[in-house]
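Reader: Could you take me on a close look at one part of this model? I would enjoy a connected account rather than a list.

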Amino acid sequence: MKLCTNKLFPAVCAALLLGACSDSNPTPQAQQAPAETAVQTAAQPAPVQPVQEPAPAAAEPPAPKPQEPEIPALPAHELAERLKEWDKKLNTLETDFYQTSSYDGVEISRSQGKLFYNNPQNRLRLDTVGPHGLVEQSAITDKKDIVILDENNQHVTTLSWTDWQQGQPNQALFDFGNYTTLVDRHQASVESQDGETAVLKLTPKEGEEYVLYLTLSKQDFFPLAITIQSDLMHTRADLKNTRKNSPLPADVFGGFNK
């Protein structure tokens with residue numbers, strides 16, 4: 001059978017024409033990002049967040065110091081009894097003193113020194129100290145006689161204890177070991193009082209007129225200050241660095257001669 005080329009050629013041409021039309025109009029597709037851009041985007045590091053330092057811990061407030069219980073106000077008779085209690089138990093005493101005297105409000109004298117007392121021996125020593133801390137004079141007594149020594153601890157003179165004491169403006173400063181008798185000779189009242197101290201006011205039951213004030217610590221009721229007011233004369237002795245019933249320096253009463 002012989003093919004008819006005239007019929008085949010139009011069919012082939014039609015097929016080719018259809019194929020050419022298909023190639024010239026491709027179906028649109030989604031565009032893809034270039035590979036290089038994708039790589040750069042993936043490689044870009046994440047932003048670094050700043051490191052925050054931990055907040056410093058708040059300082060703890062200091063622990064409150066334990067407060068000693070406040071001693072309530074005491075009547076005059078009980079303050080007097082508390083004073084007598086330590087006086088009866090006093091064996092030895094060592095204390096610094098600072099004394100001033102004024103007349104009608106004008107200071108007329110000032111002194112300082114150290115006092116030593118031994119109750120069993122009934123010995124008392126009073127060292128008067130100058131502004132540079134050196135002993136200028138000493139007085140040693142058995143409360144009968146009193147020996148005065150110079151700055152070199154050499155004997156100067158011997159006096160009667162009674163005569164010497166009468167010339168002192170603040171006799172109570174030298175009456176340790178005898179405070180029970182002192183209190184009993186006076187009428188006691190409370191001049192002032194707070195949680196730490198109490199001022200016991202003593203007025204003589206008879207005899208000369210004056211007022212004695214004892215500023216007492218409410219911890220042990222030992223005097224912190226001794227003040228005497230007589231007319232226009234005012235003398236105050238403050239006691240510091242007090243040591244009760246502790247060993248005294250060796251030979252502190254050396255040089256005493258009866």
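What volume does the second largest pocket have?

Author: Happy to! Keep in mind that this is a predicted model. The second largest pocket has a volume of about 200 Å³. It is lined by 13 residues, and those closest to its centre are Leu 126, Thr 128, Gln 137, Trp 164 and Gln 168. Three strands, β1 (92-103), β3 (123-129) and β4 (135-141), each give at least two residues to this lining. Strand β4 provides the largest share, with three residues. By class, the lining of the second largest pocket holds seven nonpolar and six polar residues, and no charged ones.

Now for the sheet to which those strands belong. Its 11 strands form an open, antiparallel arrangement in the order β6-β5-β4-β3-β2-β1-β11-β10-β9-β8-β7. At the edges are β6 (155-160) and β7 (186-193), each of which pairs on one side only. On average, neighbouring strands of this sheet are turned by 20° against each other, direction ignored.

For contrast, here is the largest pocket, with a volume of about 380 Å³. Its lining has 19 residues, of which Gln 171, Ala 172, Glu 208, Tyr 210 and Ile 228 are the closest to the centre. Two or more lining residues come from each of α4 (161-166), β10 and β11 (233-244). The lining of the largest pocket comprises seven nonpolar, nine polar and three charged residues, whereas the lining of the second largest pocket has no charged residues.

Notes
Residues numbered from 1 in each chain as written. Predicted model: local features only at pLDDT ≥ 70, side-chain atom pairs only at ≥ 80, totals over all residues. Heavy atoms only, no water. Pairing = 2+ DSSP bridges. Helix = DSSP H or I, 4+ residues; strand = E, 2+ residues; numbered from the N terminus. Axes fitted to C-alpha atoms, helices over the stretch in contact; angles between N-to-C directions. 1 Å grid on protein atoms, 1.4 Å probe; cavity = no way out; pocket = protein on both sides within 12 Å on 5 of 7 lines; lining within 4 Å. Points joined across faces, edges and corners; volume = space filled by probe spheres on them. Nonpolar A, V, L, I, M, F, W, Y, C, P; charged D, E, K, R; others polar.
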